[in-house]
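Reader: I would like to go through this structure with you and ask, for each label you attach to it, what the label rests on. Could you show it first?

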Amino acid sequence: MEKYLDIFKKSYSDYWNYLKYELIDLNHWDNFFYGLIIISLLVWVLEIAFPWRKNQSIFRKDFWLDTFYMFFNFFLLNLIVLIALSNTAAELFNDVLSVVGLSLSDIQLFDVDDLPQWLGLLIFFLISDFVQWNTHRLLHRVPWLWNFHKVHHSVKEMGFAAHLRYHWMEPVVYKSLLYIPIALIGGFDAQDVAIVYFFTIAIGHLNHANLGWDYGVLKYIFNNPKMHIWHHAKALPKHVRYGVNYGLTLSLWDYLFKTAHVPHDGRDIELGFEGDETFPKDFLRQEAYPAFSRRQKPHK
């Protein structure tokens, strides 16, 4: 137990030092802090230049709340819990393997160093996105997970920063379910992963932006604003019980597994979920909501 506590404490100090380094060092391209800012500003400029909903304010409803969520969830949440939890869980997983005489390298499906870089990154991206697509479906199907996911669906006007409005429990669920599949194909350098990370952040921002784009024929591969708006629709077809369009970066999975739904131009549809009129409007009460709310049925 003492070993895990030491890992937990060291994770705090290591990530704090890393975060300070990110803030002052501008000499490496894979700087996540400034990368997020640059991507956000670029997508915001696109929203301003090519607004889909012409009457929506540049500083839309909850713009500053979502901006706070964006930095809190992308950086401070890592400091508070995720990095320490992830490092501790990884060590526990390694210890469990050692009990049965195995190491992490023994269960890896292949060595990414033996593959061309582009192929290794493509495999990493496809597996990550598919696992996250399935995890997203769980957030809608399991009542207690849906209570956490309501924070994201409480968005009433879409904009780029809404992408990162989510309850702190969501990344715990995502990372937990993603850990073992990624461990099986591990070995990627941090800079390699950064390429995928920046790409997925850009697509996620665009999905939530005030843009009327669907990328033409590429809409069947990549998630897009015209498709994702329907994921946030308050009213869904009667035959759909848990929601539609679960894709994060790729729309491919929704088309393959028949969960895609884009009936018409959804520019002016109402967003949210049943009962969102009484949902908390501020950060602290939204974070506390799942602990004090009654268990409710998933999104319909």
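Author: One definition is needed before we start: a polar contact is a pair of N or O atoms within 3.5 Å, where, within protein, one must be able to donate a hydrogen and the other to accept it. Please keep in mind as well that this is a predicted model.

Reader: What makes the pairing of the side chains of histidine 232 and histidine 152 a polar contact?

Author: The side chain of histidine 232 comes to 3.3 Å from the side chain of histidine 152, and since a polar contact asks for N or O atoms within 3.5 Å, the pair qualifies as a polar contact. A second polar contact joins the side chain of histidine 232 to the side chain of histidine 228, here at 3.2 Å.

Reader: Why is histidine 232 called buried?

Author: The relative accessible area of histidine 232 is 0%, and because buried means under 20%, the residue is counted as buried. Histidine 232 sits in the loop between α9 (225-231) and α10 (252-256), and, leaving aside its neighbours within four places in sequence, it is in contact with His152, His153, Met158, His208, Glu270, Leu271 and Gly272.

Reader: His152 and His153 bring us to α6; what makes α6 mostly covered?

Author: Of the 11 residues of α6, 9 are buried, namely Leu145, Trp146, Asn147, Phe148, His149, Lys150, Val151, His152 and His153.

Reader: Why is α6 called oblique to α7?

Author: The axes of helix α6 (residues 143-153) and helix α7 (residues 169-184) come within 9 Å and cross at roughly 120°. Because the roughly perpendicular range runs from 65 to 115 degrees and roughly antiparallel begins over 145, a crossing at roughly 120° falls in neither class, and α6 is therefore oblique to α7. On the α6 side the contact is made by Trp144, Leu145, Phe148, His149 and His152, and on the α7 side by Met169, Glu170 and Val173; by class, these are 5 nonpolar, 2 polar and 1 charged residues.

Reader: And what makes α5 roughly perpendicular to α6?

Author: The axes of helix α5 (residues 117-141) and α6 come within 6 Å and cross at roughly 105°. Since 65 to 115 degrees counts as roughly perpendicular, α5 is given that description relative to α6. His136, Leu138, Leu139, His140 and Arg141 of α5 meet Pro143, Leu145, Trp146, His149 and His153 of α6, and the contact comprises 5 nonpolar, 4 polar and 1 charged residues.

Reader: How do you know that leucine 177 is partly exposed?

Author: Leucine 177, which is found in helix α7, has a relative accessibility of 39%; because partly exposed covers the values between the buried limit of 20% and the exposed limit of 50%, leucine 177 counts as partly exposed. Its C-alpha lies 7.4 Å from that of threonine 135, although the two are 42 residues apart in sequence. Leaving aside neighbours within four places in sequence, leucine 177 is in contact with Val131, Thr135 and Leu138.

Reader: What sets tyrosine 215 and asparagine 245 apart in accessibility?

Author: Tyrosine 215 has 24% relative accessibility and so counts as partly exposed, whereas asparagine 245, with a relative accessible area of 0%, is buried; the dividing value is 20%. Tyrosine 215 is placed in the loop between α8 (190-208) and α9, and asparagine 245 in the loop between α9 and α10. Phi is near 70° for tyrosine 215, a positive value in a residue other than glycine, and near 55° for asparagine 245, again a positive value in a residue other than glycine.

Reader: Why does asparagine 31 count as buried?

Author: Asparagine 31 has 4% relative accessibility, and because the limit for buried is under 20%, it counts as buried. Asparagine 31 lies in the loop between α1 (2-24) and α2 (32-49), and its side chain reaches the backbone nitrogen of phenylalanine 33 at 3.1 Å. Leaving aside neighbours within four places in sequence, asparagine 31 is in contact with Glu22, Asp25 and Phe198.

Reader: How many helices and strands does the protein have, and what share of its residues is buried?

Author: The secondary structure comes to 11 helices and 0 strands, and 48% of the 300 residues count as buried.

Technical notes
Residues are numbered from 1 along each chain as its sequence is written. This is a predicted model: local features need pLDDT of at least 70, side-chain atom pairs count only at pLDDT 80 or more; totals for chains, interfaces and linings use all residues. Side-chain values use heavy atoms; hydrogens and water are left out. Helices (H or I, at least four residues) and strands (E, at least two) are DSSP runs, numbered from the N terminus. Buried means under 20% relative accessible area, exposed over 50%, partly exposed in between (1.4 Å probe, protein chains only). Contact means heavy atoms within 4.5 Å. Axes are lines fitted to C-alpha atoms, for helices over the stretch in contact, and angles run from 0 to 180 degrees between N-to-C directions. Angles under 35 degrees count as roughly parallel, over 145 as roughly antiparallel, 65 to 115 as roughly perpendicular and the rest as oblique. Ala, Val, Leu, Ile, Met, Phe, Trp, Tyr, Cys and Pro count as nonpolar, Asp, Glu, Lys and Arg as charged, and the others, Gly among them, as polar.
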